[in-house]
Amino acid sequence: MAEISIRRMQTADIDAVLAVENQAFATPWSRAAFESELNDNDLSHYLVVLDGSHIIGYAGFWLVVDEAHVTNVAILPEYRGRKIGSLLLEHMILAAKLLGAASMTLEVRPSNTPARRLYERRGFVEQGIRPNYYAELGEDALIMWLDKL
């Protein structure tokens, strides 16, 4: 591993982000979705994590009034288990806090044990269920909240 760094996502990053997205999710977002998030959505804030100059993950959230709503967190499979997700999550929480967020929320699949553990270690608490949220996978979503950023 070279030096790990985190910075704001740019439009030029989309190809590399799509490579991460396609390995991380059963129903990945499209190029148009990322372009819209970066260019048209004033609520969105996205970060990328790099190993040297290679994008190995990304995360994003929407800031709605004082709540940060996490859209995605993804790390390339070969980089998982190295605390990079924790580092990225911490940067996302700090960015949200600096932008005025008081709390953060997200949805996660009940079967995604590594992600749930990551969020729980950081203080996120399960506070609800969205039935059939991941319809393509036949799964509900757990709604988790982190109060008092």
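This report walks through the fold of the protein, one central strand and three single residues.

## The overall picture

What you're looking at is a predicted model. The protein holds 4 helices and 7 strands. Starting from the N terminus, these elements come in the order β-α-α-β-β-β-α-β-α-β-β. The radius of gyration is 15 Å, close to the 15 Å the globule rule gives for 149 residues, so the protein is as compact as a globular protein of that length. If you'd like a feel for its dimensions, the C-alpha trace spans about 40 × 35 × 30 Å along the principal axes.

Plenty of the contacts link distant parts of the chain: of those with a separation of 6 or more, 58% are between residues 24 or more positions apart.

## Inside and outside

Of the 149 residues in the protein, 40% are buried. The accessible surface adds up to about 7,900 Å², and carbon and sulfur atoms account for 51% of that.

As for charge, there are 14 positive side chains and 20 negative ones. The centres of those two sets sit 7 Å apart.

## Strand β2, wrapped up on both sides

A good place to zoom in is strand β2, residues 44–51. Here 8 of the 8 residues are buried, so the strand is largely enclosed by the rest of the structure. In a regular strand, side chains alternate between the two faces of the sheet. What covers the two faces of β2, or rather, which residues lie on each side? One side has S44, Y46, V48 and L50, while the other has H45, L47, V49 and D51, and all of them are buried.

## The neighbours of β2

Strand β2 pairs with two others described here. With strand β1, residues 4–8, it shares 5 bridges, and the two run antiparallel. Across that pairing, R7 stands opposite V48 of β2.

With strand β3, residues 54–64, β2 shares 8 bridges, and this pair is antiparallel as well. One pairing to look for is S44, whose bridge partner in β3 is W62. β2 and β3 form a hairpin with 2 residues between the strands, where G52 takes a positive phi near 70°.

## P28, in a loop between helices

Now to the loop between α1 (14–24) and α2 (31–39), where you'll find P28. Is P28 buried, partly exposed or exposed? Its relative accessibility is 33%, so P28 counts as partly exposed.

P28 also meets residues from earlier in the chain. Leaving aside neighbours within four places in sequence, P28 is in contact with E21 and N22. The C-alpha atoms of P28 and L18 are 8.0 Å apart, with their positions 10 residues apart along the chain.

## Two residues with a positive phi

K83 isn't a glycine, yet it has a positive phi of about 70°. You'll spot K83 in the loop between β4 (67–75) and α3 (84–98). Its relative accessible area is 60%, so K83 is exposed.

N132 is another non-glycine with a positive phi, this time about 55°. Where does N132 lie? It belongs to strand β6, which covers residues 125–134. With a relative accessible area of 46%, N132 is partly exposed.

Definitions and conventions
Residues numbered from 1 in each chain as written. Predicted model: local features only at pLDDT ≥ 70, side-chain atom pairs only at ≥ 80, totals over all residues. Heavy atoms only, no water. Rg over C-alpha atoms; globule rule 2.2 N^0.38 Å. Buried < 20%, exposed > 50% of the residue type's maximum accessible area, 1.4 Å probe, protein only. Contact = heavy atoms within 4.5 Å. Areas by Shrake-Rupley, 256 points an atom, 1.4 Å probe, with all protein chains shown as cover. Lys, Arg positive; Asp, Glu negative; His and termini not counted. Charge placed at Lys NZ, Arg CZ, Asp CG, Glu CD. Pairing = 2+ DSSP bridges.
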